[in-house]
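Here are a few friendly notes to read alongside the structure. Please keep the model open as you go through the points.

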Amino acid sequence: MKRIALLGATGSIGRQAIEVIRARDGLQLVAASSGSTPIDGLAPLTQVGGDPSVLLERAEPDVVLNAVVGFAGLAPTMWALERGVTLALANKESLVAAGELALAARRRGGGALIPVDSEHSALFQCASVDEPESLVLTASGGPFRGRTRDELEAVTPEEALAHPTWSMGPKITVDSATLANKGLEVIEAHFLFGVPYERIEVVIHPPSIVHGLVRFRDGAAIAHLGHPDMRVPISYALTYPERAPTPVRPLDLTAQPLEFREPDTETFRMLALAREAGEKGGTYPCAYNAANEVAVEQFLDGRIGFLDIAALVEEVLGRVDGAPARDVAELEEADRRARGLVPVA
Ligand code: NAD
Ligand code: MG
C-alpha cells in the first residue's frame, strides 16, 4: 500500500488525483489539504490553510503529491525533498522559484522527484532511455494563439480562461494564455533534467497530443503522445515505477494532423522573459514567478489588461538584484520583495 499525502486536494489536479487514488487498490489517501475550502472527511488527516509540515509529519506518507497552486507550494516541496519522501510535483512554481535550493534538498534527502506536469512527465519517460542531448516542450498556444499584440489589448479574463485543450485551475489557464506557463516549464525542465537553457526548445502544437520530445546524441528523438488528460501523468507519478491502467481511451492517430510551429515570443513576451530569468539564475526565476502571480491576480480581478502582465513582470525583473538565496528564508524574502515591486492597480 502506497500512502499518499495530497496538498491542494480541492483543485483541478487535486480532484483528478482523488479519482486516480480511489480507482487503485494499492494507493491510499492518508492526508489532504486545501487553501481555504473545507475538506472534512476527505482523508484521515486534513488541514485547511497554514503550514502543512505538522500534517505531513503525522501522515508519514510514502508520496507527497503537491498540487497547490503558486509559491504557496514551496513548503511541501521542500519538506518532501529534505526527507527523501517521493515528491510527485504538479506545483511547478516551487521548483522554479527554489531551483538550486530544491536540488540541494533533494541531494540531501536522496528521494525521488517525479513530475506531474504533463510535458515533464513525458520528458521524464523519454529521458529514461538515455542521456538527453536536448529537450522539446510542446505548448498548445492557448486561446490567443496566432493573435497580434493589437488583438490582445482588450481581451477579457473570461476569454483568457477558455482554454482550447486543457481544463485547469484559473491561474495556470491564464499562464497558458500568456505563455508564462511554458516559460515556467522551461525553467522547471532545466532543474528537473539538468539541461542548459539553450538546449530546451519550445514548439507550438495546437492539438496537445505530443507532450514532449527528447533528442539523443545519435540524431534520434523519442516523443511521448497521449490525449490531453492529466489523469495519465498523475497516475504515472503515483504508481511509478509501475504503470497502472487508466480510463483514458486509446489515441486515434488519424483523428487530426500533428502540426508544430514556432512560438511568437515577440507577442507572448512571458516565454522570452522566463528564458532570460532562467539564464540569469539566482532568484530571477523566483522574481519572475512572484511578479507573474500578482499580475495574474490583478488581471483576473479586471484591474489590469492582458498585456500588462508581461510589462509588469519585465519591470520587476529590471528592478530586483536576483542574488541567489542561501536558504528558504532568503528565498521567501526575494519572493516578497518581487511581489512588493508590482504596482498596486
Ligand atoms: P487550482 O487552482 O485548481 O487548485 C489549487 C489548489 O491549491 C486548491 O486545492 C487550493 O485550495 C490549494 N491552495 C491554494 N493556495 C493554497 C495555500 N496557500 N496553501 C495550501 N493550499 C493552497 O490549481 P490547479 O490547476 O489544480 O493547479 C495546481 C498546480 O498544478 C499548479 O502549480 C499548476 O501549475 C500545476 N499544474 C496543473 C495542471 C492542470 O491541468 N490543472 C497541469 C499541470 C500543472
Ligand atoms: Mg504543463
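1. Let's start with Glu188, which sits in helix 10, spanning residues 180-193. Please bear in mind that this is a predicted model. Glu188 is buried and yet has no salt bridge.

2. Which side chain of opposite charge is nearest to Glu188? That is Lys92, at 4.8 Å. A salt bridge needs a side-chain nitrogen of Lys or Arg within 4 Å of a carboxyl oxygen of Asp or Glu, so a pair 4.8 Å apart does not count as one.

3. Lys92 also appears among the residues in contact with Glu188 once neighbours within four places in sequence are left aside. The others in that set are Leu95, Val96, Asp117 and His120.

4. A word on Pro170, found in helix 9, which covers residues 170-178. Not counting residues up to four places away in sequence, Pro170 touches Leu161 and Leu300. If you want a distance to check on screen, take Pro170 and Leu6: they are 164 residues apart along the chain, and their C-alpha atoms are separated by 20 Å.

5. Next, have a look at the second largest pocket, whose volume is about 370 Å³. Its lining is made up of 22 residues, and those closest to the pocket centre are His224, Leu225, Gly226, Val232 and Arg243.

6. Which elements supply at least two residues each to the lining of that pocket? They are helix 6 (118-127), strand 10 (221-225) and helix 11 (231-239). Helix 11 gives the largest share, with five residues. By class, the lining of the second largest pocket divides into nine nonpolar, 10 polar and three charged residues.

7. How many cavities of 30 Å³ or more does the structure hold? There are two. The largest cavity has a volume of about 40 Å³, and its lining consists of Thr283, Ala287, Val320, Asp321, Gly322, Ala334 and Arg337. Sorted by class, three residues of this lining are nonpolar, two are polar and two are charged.

8. The second largest cavity holds about 30 Å³ of space. Around it you will find Ile209, Leu251, Asp252, Leu253, Ala255, Gln256 and Leu258. In the lining of this second largest cavity, five residues are nonpolar, one is polar and one is charged.

Key: Residues numbered from 1 in each chain as written. Chains lettered and ligands numbered in written order. Predicted model: local features only at pLDDT ≥ 70, side-chain atom pairs only at ≥ 80, totals over all residues. Heavy atoms only, no water. 1 Å grid on protein atoms, 1.4 Å probe; cavity = no way out; pocket = protein on both sides within 12 Å on 5 of 7 lines; lining within 4 Å. Points joined across faces, edges and corners; volume = space filled by probe spheres on them. Helix = DSSP H or I, 4+ residues; strand = E, 2+ residues; numbered from the N terminus. Nonpolar A, V, L, I, M, F, W, Y, C, P; charged D, E, K, R; others polar. Buried < 20%, exposed > 50% of the residue type's maximum accessible area, 1.4 Å probe, protein only. Lys, Arg positive; Asp, Glu negative; His and termini not counted. Contact = heavy atoms within 4.5 Å.
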